[in-house]
Amino acid sequence: IPGVGVVPLKPLDIDDEDSLSERLNHKEKKGGIDLAVVKLPHISNFTDFSVLERDERFHAYYTNNVEEIGKADIIILPGTKNTISDLRNIRANGIAEAVIRAHKEGKKVIGICGGYQMMGARIEDPDQIEGDMTAIPGLGILPLVTIMEPEKVPRQDQFTFRNHPETCKGYEIHMGRTTLLDGAPEAPLNRLHDGRTDGYILNERCWGSYLHGILDNDIVLNELAEGLTQATPTTFNYTDFKDQQYNKLADHVRAHVDLPYIYSTLKTK
């Protein structure tokens with residue numbers, strides 16, 4: 001069997017594997033707004049928060065410690081591979097109560113994807129897709145109900161955030177359909193370019209969205225920091241930075257493997 005090359009280790013800032021990344025244990029203290037991302041057992045798409053590492057306005061850290069959550073200025077409930085299981089977990093360890101208390105104290109509380117589902121009044125799973133429970137109460141912060149469905153939604157999106165005219169980018173990858181409680185007012189967070197809406201905004205301190213990558217947009221980060229710092233917004237383009245890192249990886253692979261040989265083995269049907 002012919003060898004096609006050996007790719008040497010090269011330090012690059014590319015996305016890590018969920019739950020296996022050392023970033024999840026990194027808590028080096030720096031100045032800025034304390035932002036706690038709840039470290040769920042089945043956390044997914046945690047790279048939604050990598051941009052915060054390069055924004056000096058924020059001190060972001062992952063935690064499942066009640067005291068650390070209580071000290072944060074902003075709390076984010078992230079995506080998860082099993083919303084119901086992780087919701088049960090944070091109820092058992094006191095994090096759910098800490099998040100609700102922080103919300104009542106006026107701190108910023110944000111939910112993304114599974115975290116957004118948790119913030120609602122309840123989650124229903126009639127087909128028991130995520131386990132043996134058919135329904136579970138949510139945190140009761142947002143007037144929403146989520147029904148789990150077997151089909152997963154994967155979709156790239158362009159949208160406008162709140163009342164800002166700038167075009168933002170993000171993506172969806174979730175199971176479940178979220179609707180308003182009876183009598184609750186409509187308050188979509190985002191308006192997508194295909195005419196749909198996304199998310200729910202309770203007020204400027206509390207909202208949720210299905211959109212991963214939402215924080216990669218400057219307008220969203222600036223609103224997240226608003227009222228908590230006097231620091232000048234950064235102009236760092238995180239999307240371009242990520243593209244540069246993956247281009248470096250591609251060049252590195254090309255330099256160390258025999259791509260002409262690999263291409264020669266490909267056959268079309």
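Which residues of helix 2 (residues 83–92) are buried? Keep in mind as you look that this is a predicted model. In helix 2, the buried residues are Thr83, Ile84, Asp86, Leu87 and Ile90. Look down the helix axis and these buried residues fall within an arc of 165°, so they line one face of helix 2. The spacing makes sense, because an α-helix has 3.6 residues a turn and residues three or four places apart point the same way. Just past the end of helix 2 you meet Gly94, which takes a positive phi of about 90°.

Now turn to the sheet. Six strands make up an open sheet, and reading across it the order is 3-1-4-6-14-13, with mixed pairing. At the edges sit strand 3 (58–63) and strand 13 (200–203), each of which pairs on one side only. From one strand to its neighbour, the average turn is 15°, direction ignored.

Let's walk across from the strand 3 edge. Strand 3 runs parallel to strand 1 (residues 33–38), and six bridges join the two. If you want a pair to find on screen, take Leu35, whose bridge partner in strand 3 is Ala60.

Further along the order come strand 4 (74–77) and strand 6 (108–112). These two strands run parallel and are joined by four bridges. Here the pair to look for is Ile74 with its bridge partner in strand 6, Lys108. On its other side, strand 6 is joined to strand 14 (206–209) by four bridges, again in parallel. Gly111 has Gly208 of strand 14 as its bridge partner.

Why is strand 6 described as largely enclosed by the rest of the structure? The reason is that five of its five residues are buried. Side chains in a regular strand alternate between the two faces of the sheet, so it's worth checking each side in turn. Lys108, Ile110 and Ile112 are on one side of strand 6, Val109 and Gly111 are on the other, and all of them are buried, so both faces are covered. Yes, that list of buried residues includes a lysine, Lys108.

Helix 3 (residues 95–104) is another element to place against these strands. Helix 3 lies across strands 1, 4, 6, 13 and 14, and runs at about 135° to strand 4.

At the far edge, the pairing changes sense: strand 13 and strand 14 are antiparallel, with three bridges between them. Together they form a hairpin, with two residues between the strands. Within that hairpin, Ile201 stands opposite Trp207 of strand 14.

Finally, a couple of backbone oddities in the loops. Most residues other than glycine have a negative phi. Asn45 goes the other way, with a positive phi near 50°. You'll find Asn45 in the loop between strand 2 (43–44) and strand 3. Gln128 also has a positive phi near 50°, and sits in the loop between strand 7 (122–124) and strand 8 (135–137).

How do these two residues stand in terms of exposure? Asn45 has a relative accessible area of 16%, and because buried means under 20%, Asn45 counts as buried. Gln128, on the other hand, has a relative accessible area of 40% and is partly exposed.

Note on methods: Residues numbered from 1 in each chain as written. Predicted model: local features only at pLDDT ≥ 70, side-chain atom pairs only at ≥ 80, totals over all residues. Heavy atoms only, no water. Pairing = 2+ DSSP bridges. Axes fitted to C-alpha atoms, helices over the stretch in contact; angles between N-to-C directions. Contact = heavy atoms within 4.5 Å. Buried < 20%, exposed > 50% of the residue type's maximum accessible area, 1.4 Å probe, protein only. Arc of directions from axis to C-beta.
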